[in-house]
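Here are some exercises to work through with the structure open beside you. Try each task before you read its solution.

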Amino acid sequence: MARGIFRKEFGKLVPDDPKAKAAIAKVGHGEHVQADIKRPRNLAHHRLFFALLNLVFENQEYFRSVDDLLDALKIAIGHTKTVVLKSGEHKVPLSISFASMDQAAFNEFFDRAADFLCTEVVPNMDKGALLDEVHLMVGPTKQVA
């Protein structure tokens, strides 16, 4: 299996790194291939999320650590898997690592997480105001869409 970075130009995917160029070179003219389209994660968006999480943590008194808040958030919004033990079923938080989520999945996670933080952790917090404050803390970032 070959991997690479591609960019969209005029309705076509164009190889944008040496690995992608080498992979495309091996495909014959008219040959069919299967591809999974994933947008790489945006590091600035990842940093924005953790700035958001830390800001909310500093302004609440229930959770003992940022990690506890993150685990609770993942469980509350359903970013979990179910593990069956003799004692019953248990929800276990899933990873949000770059390898486990593409940007589209992280966008959805981020939005649901912000909603949870503004309704359950710091009730009645205005989501827009909170995100504006976090953007000021982190500084200018590239578009995170």
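**Exercise 1: A residue with two partners**

Aspartate 111 has a relative accessible area of 38%, so it counts as partly exposed. Keep in mind that this is a predicted model.

Task: Find which side chain meets aspartate 111 in a salt bridge.

Solution. Step one: look for a side-chain nitrogen of Lys or Arg within 4 Å of a carboxyl oxygen of the aspartate. Lysine 127 fits, with an N to O distance of 2.4 Å to aspartate 111. Step two: place both residues. Aspartate 111 sits in helix 4 and lysine 127 in helix 5, 16 residues apart, and the pair links distant parts of the chain. Step three: check the cover on the lysine. Lysine 127 is partly exposed, because its relative accessibility of 24% lies between 20% and 50%.

Step four: look for a further salt bridge of lysine 127. The side chain of lysine 127 also meets that of aspartate 115, at 2.8 Å from N to O. Here, too, distant parts of the chain are linked: lysine 127 belongs to helix 5 and aspartate 115 to helix 4, 12 residues apart. Aspartate 115 has a relative accessible area of 34%, so it is partly exposed.

**Exercise 2: A salt bridge within one helix**

Task: Work out how many residues separate glutamate 108 and arginine 112 in helix 4.

Solution. Step one: confirm the contact. The two side chains, of glutamate 108 and arginine 112, form a salt bridge with an N to O distance of 3.3 Å. Step two: count along the helix. Glutamate 108 and arginine 112 are 4 residues apart in helix 4, which means about one helical turn between them. Step three: compare with the solvent side. Glutamate 108 is partly exposed at 47% relative accessibility, and arginine 112 is partly exposed at 31%.

Step four: put these pairs in context. The structure has 6 salt bridges. Elsewhere, a network of salt bridges links Arg7, Glu9 and Asp16.

**Exercise 3: Positive phi in loops**

Task: Phenylalanine 10 and asparagine 124 are to be placed in the fold; in which loops do they lie?

Solution. Step one: take the phenylalanine. Phenylalanine 10 is not a glycine, yet its phi is positive, about 50°. The loop that holds phenylalanine 10 runs between strand 1 (6-9) and strand 2 (12-15). With 85% relative accessibility, phenylalanine 10 is exposed, because the cut-off is over 50%.

Step two: take the asparagine. Asparagine 124, also not a glycine, has a positive phi of about 70°. The loop between helix 4 (103-121) and helix 5 (127-138) contains asparagine 124. Its relative accessible area is 78%, so asparagine 124 is exposed.

**Exercise 4: A pocket and a patch**

Task: Describe the lining of the largest pocket by class, then find which residues make a nonpolar surface patch.

Solution. Step one: start with the space. The largest pocket holds about 1200 Å³. Step two: turn to the lining. There are 25 lining residues, and those nearest the pocket centre are Arg3, Gly4, Phe6, Ala35 and Asp36. Step three: sort the lining. It comprises 15 nonpolar, 3 polar and 7 charged residues.

Step four: move to the patch. Phe6, Leu13, Ile24 and Ile37 make a nonpolar surface patch of about 390 Å². Step five: examine one member. Isoleucine 24 belongs to helix 1 (residues 18-25), and at 42% relative accessibility isoleucine 24 is partly exposed.

Technical notes:
Residues are numbered from 1 along each chain as its sequence is written. This is a predicted model: local features need pLDDT of at least 70, side-chain atom pairs count only at pLDDT 80 or more; totals for chains, interfaces and linings use all residues. Side-chain values use heavy atoms; hydrogens and water are left out. On a 1 Å grid over the protein atoms alone, a cavity is a set of points where a 1.4 Å probe fits but cannot get out, and a pocket is an open set with protein on both sides within 12 Å along at least five of seven lines; lining residues have an atom within 4 Å of a point. Grid points are joined across faces, edges and corners, and a volume is the space filled by probe spheres set on the points. Ala, Val, Leu, Ile, Met, Phe, Trp, Tyr, Cys and Pro count as nonpolar, Asp, Glu, Lys and Arg as charged, and the others, Gly among them, as polar. Helices (H or I, at least four residues) and strands (E, at least two) are DSSP runs, numbered from the N terminus. Buried means under 20% relative accessible area, exposed over 50%, partly exposed in between (1.4 Å probe, protein chains only). Patches are made of residues with over 30% relative accessible area and no salt bridge: like charges are joined within 9 Å, nonpolar side chains (Val, Leu, Ile, Met, Phe, Trp, Tyr) within 5 Å. Accessible areas come from the Shrake-Rupley method with a 1.4 Å probe; for residues, only the protein chains shown count as cover.
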